[in-house]
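Good morning, everyone. Please have the sequence and the 3D view ready on your screens.

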Amino acid sequence: MPGLIISYDFMERKQASERNKILEYIFYSNYFYGLCAVTLSIEASLQQRIPLNGFLYFFLVFITTVLYYSYPYVRACSVISNNLRTNWYTRHYGLMRWNQVVCMIILLLSTILFITHYTKELVSMPLHHWVLIFIFPLVAAFYYGVNFLSGKFNLRKLGCAKPFIIGFTWAGMVTIYPVLYYDSIHQLRFKTDWISVLLFLKNFMFISVLCIMFDIKDYAGDYLSRLSTFVVKIGLRKTLFKILLPLSFLGLASFICYGSLHHFSTGKLVLNIIPFILLIIVSISLKKRKPLLYYLAVIDGLMVAKSVCGIIAMQYFS
């Protein structure tokens, strides 16, 4: 009997270890970020009442997101770090390096095919289309840092502005790009209305709040790097009660007012309120220290929760 108990305990631990490896691969490799970008793009397309762009577009959104977020971690390094994700990339350097190469080749070939197929449409695009196409990738590139004149310009060093820079880039990718892509390939005039502007601001603020939450995780490293994020500058408690919760309640109140003025049905209103309620609950939970996977699965998972609620609301409620 003791032997059976030991054997059962060993199998339980082995299965738990295998589950952890799968979870680490999904979240550390940034595939979950790719899923977040796709679902948010689908939600924004439906909310702006444009047809979905098809598999190729969303596939490119997925691999571009994975490629971008994996870029700073895929480095040959033998030094043990305090960052669990950095250590994971060190152990799986070969696999993730090939992952980057394959994603880059797919992205390059897809870009060439797209330009070849839609040359006429691209040539006839007005200047403001090109501005919108390039502004978000440029901000994303400057976030990691680019060599400029004699030094390296890095938007990440702007501690308190960092969450809003990320929020701006994500909001552009998931809100502006689906409409811009559809209008461009169909030679339609891209125009913004109040719905698009409000959706952009909604995604911008929602994702910016999530980024401020992530700064709580990075407090120790940011403090040593003298990066003046909100949590480094004013502390955890003030970040929670003077920034995160007020912004969450403001977003909730704004949406309730907007939904009421536009006569949203009860089902549609409730579904779109759920992500804000979850945002408030998760914000309060950060009073206690959380592991890295909590941030990657639960906090980033709020993007999927928001998009799923929005998609269901648009498909099944008026």
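I will go from the whole chain to two helices, then to loops, cysteines and empty space.

Keep one thing in mind from the start: this is a predicted model.

First, the overall picture. The protein chain has 15 helices and 2 strands. It runs to 318 residues, and 42% of them are buried. Now look at contacts with a separation of 6 or more. Of those, 76% join residues that sit 24 or more positions apart.

Next, helix α7. Find residues 127-144 on your screen. How many residues does α7 have, and what should they span? There are 18 residues, and at 1.5 Å a residue they should span 26 Å. The end C-alpha atoms are 27 Å apart, so the two values agree.

Now follow α7 along. At Phe 134 the helix bends by about 25°. A proline comes within four residues after that, and this is Pro 137.

Which residues of α7 are buried? They are His 129, Phe 136, Val 139, Ala 140 and Tyr 143. What do the buried residues of α7 pack against? Their partners are α3 (55-70), α8 (162-185) and α9 (194-217). Remember α9. We will meet that helix again.

On to helix α12, residues 236-261. Let's run the span check here too. α12 has 26 residues, so at 1.5 Å a residue the expected span is 38 Å. Its end C-alpha atoms are 36 Å apart, which agrees.

Where does α12 bend? Look at Leu 245, where the angle is about 30°. Here too a proline follows within four residues: Pro 246.

The buried list for α12 includes Thr 239, Leu 240, Ile 243, Leu 244 and Leu 245. Ser 248, Leu 252, Phe 255 and Gly 259 are buried in α12 as well. These buried residues pack against α9, α11 (230-234) and α13.

Let's take a pair. Leu 198 lies in helix α9. Phe 255 is one of the buried residues of α12. Leu 198 and Phe 255 are 57 residues apart in sequence. In space, the distance from C-alpha to C-alpha is 9.9 Å. Is Leu 198 buried, partly exposed or exposed? Its relative accessible area is 36%, so Leu 198 counts as partly exposed.

Now some backbone angles. Past α12 comes His 263, with a positive phi near 55°. Two loop residues also deserve a look.

Take Asn 30. It sits in the loop between α1 (2-28) and α2 (31-47). Asn 30 is not a glycine, yet its phi is positive, about 75°. Buried or exposed? With a relative accessible area of 0%, Asn 30 is buried.

Then Arg 49. This residue is in the loop between α2 and α3. Its phi is near 55°, again positive in a residue other than glycine. Arg 49 has 65% relative accessibility, so it counts as exposed.

A word on cysteines. A disulfide is a covalent bond between the sulfur atoms of two cysteines. How many disulfides does the structure hold? The count is 0. Look at two cysteines anyway. Cys 103 counts as buried, because its relative accessibility is 7%. Cys 257, at 48%, counts as partly exposed.

Last topic: empty space. How do we find it? Rolling a probe the size of a water molecule over the atoms shows where empty space is left.

Start with the second largest pocket. Its volume is about 830 Å³. It is lined by 34 residues, and the closest to its centre are Ile 195, Leu 198, Leu 199, Lys 202 and Tyr 258. So there is Leu 198 again.

Which helix gives the most to the lining of this second largest pocket? It is α9, with 9 residues. At least two lining residues each come from α8, α9, α12, α13 (266-285) and α15 (301-316).

Finally, cavities. A search of the whole structure finds 1 cavity of 30 Å³ or more. The largest cavity holds about 30 Å³ of space. Its lining is Glu 43, Lys 202, Phe 206, Asn 272, Pro 275, Phe 276 and Lys 306. The largest share of that lining, 3 residues, comes from α13. Both α9 and α13 supply at least two residues each.

That's my tour. Thank you.

Key:
Residues numbered from 1 in each chain as written. Predicted model: local features only at pLDDT ≥ 70, side-chain atom pairs only at ≥ 80, totals over all residues. Heavy atoms only, no water. Expected span 1.5 Å × (residues − 1). Bend = angle between axes of the 7 residues up to and from the residue. Buried < 20%, exposed > 50% of the residue type's maximum accessible area, 1.4 Å probe, protein only. Contact = heavy atoms within 4.5 Å. Disulfide = S-S within 2.5 Å. 1 Å grid on protein atoms, 1.4 Å probe; cavity = no way out; pocket = protein on both sides within 12 Å on 5 of 7 lines; lining within 4 Å. Points joined across faces, edges and corners; volume = space filled by probe spheres on them.
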